[in-house]
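Subject: Structure handover

Hello,

Here is the structure you asked to have passed on. My notes on it come after the sequence and coordinates.

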Amino acid sequence: MKKFNVAIIGATGMVGQRFCLLLENHPWFNPVALAASPSSAGKRYEDAVAGRWAMAAPIPERYKDMVVLDAEADIEKIASLVDFVFCAVNMKKEEIRALEEKYAKAEVPVISNNSAHRGTPDVPMIIPEINPEHAQIIAAQRKRLGTKRGFIAVKSNCSLQSYVPALHPLKKYGVKCAAVCTYQAISGAGKTFDRMPEIIDNVIPYIGGEEEKSELEPLKIWGHIEGEKIVNADSPKITAQCLRVPVSDGHTAAVFVSFENKPSKEEILQAWRDFAGVPQQLALPSAPKQFLHYFEENDRPQAKLDRMLENGMAVSVGRLREDILFDYKFVCLSHNTLRGAAGGAVLMAELLAAKGYMD
């Protein structure tokens, strides 16, 4: 695989910082530009994130002296330097939509961590193990945008990346409906404990927009391409409640599910064990070898113990048992800034690069 030069747009935020760490020694992707808001532009990266670096690992040396570019004003300059960009900006949705389209129209593919284009019918929202075929809609999107290379691809919301991968291999049994309660880490809000003191000794039972995303986005992921758009699936019906909990990293989900054809517990466990996707077949650099890990212990998975499984790119499942209202219930866990955010976007970029979309 050839080396691709990349930029991180929104490099000073928490997900942007995670991109910096993930790409520091990436075998395919070489970060050559960092961009952020006008308040950070013109500064050395180390100075731009002073007092805001939220990662456990220190700022890699390679980034410290890089001068931060202006994400909006320097689009042409960035386009001349890179093969594609990762985007994780903190702006209003309509501003993000416009910014990402500007990059795409400058013939720069955009791998987006933002939610702004998730509802756009010709923008694929890809979990690489689940719906890699949705990349085919990029041809229609390029036609609409009038581009040869440029396009936008997005990753889904971090909250559903714990339970959708666990439900997906069970769809062959006809998933009728599911109820999900997510317990979401503070890094999902871009916070650390010192920047969110109100979460200590507390649970906040509301995260704006999160429940709607958790209920609707799986239907796009499970949808199909019809003409020049992705048509959402009609089912399964999903209802969600999303709570912010005092955990640094790792979103946990309690899942209740009913089937058209109820499988046995062993059939479910076998489906999880056997499940692999295109990233595993292609041995993509960021792909976990075993996507779904099942824990037999009653007190697992735990965020503190299991969020870094397979470099934070695997999904942990546990406590599968029959339920008195639904057919089954179980618990899932995924690392929200790795599998759920920057890591999932890097894996999607690897998939698209391997399939020739970055050429």
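The notes below cover a sheet, a helix pair and some salt bridges.

Please keep in mind that this is a predicted model.

The sheet

I began with the open sheet of six strands, which has the order E3-E2-E1-E4-E5-E6 and parallel pairing. E3 and strand E6 (152-154) stand at its edges, each with a single partner strand, so one side of each has no neighbour in the sheet.

Strand E2, made up of residues 29-36, is mostly covered, with six of its eight residues buried. E2 runs parallel to strand E1 (residues 4-9), and six bridges join the two. Two points will help you find this pairing on screen. Val6 stands opposite Pro31 in E2, and Ile9 has Ala35 as its bridge partner in E2. To get from E1 to E2 the chain passes through helix H1 (residues 14-23), and this β-α-β crossover is right-handed.

E2 also pairs with strand E3 (residues 69-70), again in the parallel sense, over two bridges. Ala35 is a useful marker here too: its bridge partner in E3 is Leu69.

The helix pair

Which helix packs with H1 at an angle of about 50°? The partner is helix H12 (residues 338-354), and the axes of the two helices are 10 Å apart. That angle makes H1 oblique to H12. The crossing of H1 past H12 is right-handed.

Salt bridges

Side chains of opposite charge can pair when their charged atoms come close. How many salt bridges does the structure hold? The count is 14. I looked at three of them in detail.

One of the three links Arg118 and Glu217, with the closest N and O atoms 3.1 Å apart. Arg118 sits in the loop between strand E5 (110-112) and helix H6 (138-145), while Glu217 belongs to helix H8 (residues 210-221), so this pair ties together parts that are 99 residues apart in sequence. Are the two residues buried or exposed? Arg118 is buried, and Glu217 is buried as well.

Another salt bridge is made by the side chains of Glu322 and Lys262, at 2.6 Å from N to O. Glu322 is in strand E13 (residues 315-322) and Lys262 is in the loop between strand E11 (251-259) and helix H9 (265-274), so the parts tied together here are 60 residues apart in sequence. Glu322 counts as exposed because its relative accessibility is 53%, and the cut-off for that label is over 50%. Lys262 has a relative accessible area of 43% and is therefore partly exposed.

There is also a network: salt bridges that share partners join Arg44, Glu46, Asp47 and Asp65. Within this group, Glu46 and Arg44 form a salt bridge whose closest N and O atoms are 2.8 Å apart. Glu46 is partly exposed, with a relative accessible area of 28%. Arg44 also counts as partly exposed, at 28% relative accessibility.

If you want a place to start, open the E1-H1-E2 crossover and then turn to the pair Arg118 and Glu217.

Regards

Definitions and conventions:
Residues are numbered from 1 along each chain as its sequence is written. This is a predicted model: local features need pLDDT of at least 70, side-chain atom pairs count only at pLDDT 80 or more; totals for chains, interfaces and linings use all residues. Side-chain values use heavy atoms; hydrogens and water are left out. A salt bridge is a side-chain nitrogen of Lys or Arg within 4 Å of a carboxyl oxygen of Asp or Glu. Buried means under 20% relative accessible area, exposed over 50%, partly exposed in between (1.4 Å probe, protein chains only). Helices (H or I, at least four residues) and strands (E, at least two) are DSSP runs, numbered from the N terminus. Two strands pair if DSSP finds at least two bridges between them. A crossover is right-handed if, with the strands pointing away from the viewer, the path from the first strand over the helix to the second runs clockwise. Axes are lines fitted to C-alpha atoms, for helices over the stretch in contact, and angles run from 0 to 180 degrees between N-to-C directions. Angles under 35 degrees count as roughly parallel, over 145 as roughly antiparallel, 65 to 115 as roughly perpendicular and the rest as oblique. A crossing is left-handed if the near helix is turned anticlockwise from the far one by less than a right angle, and right-handed if clockwise.
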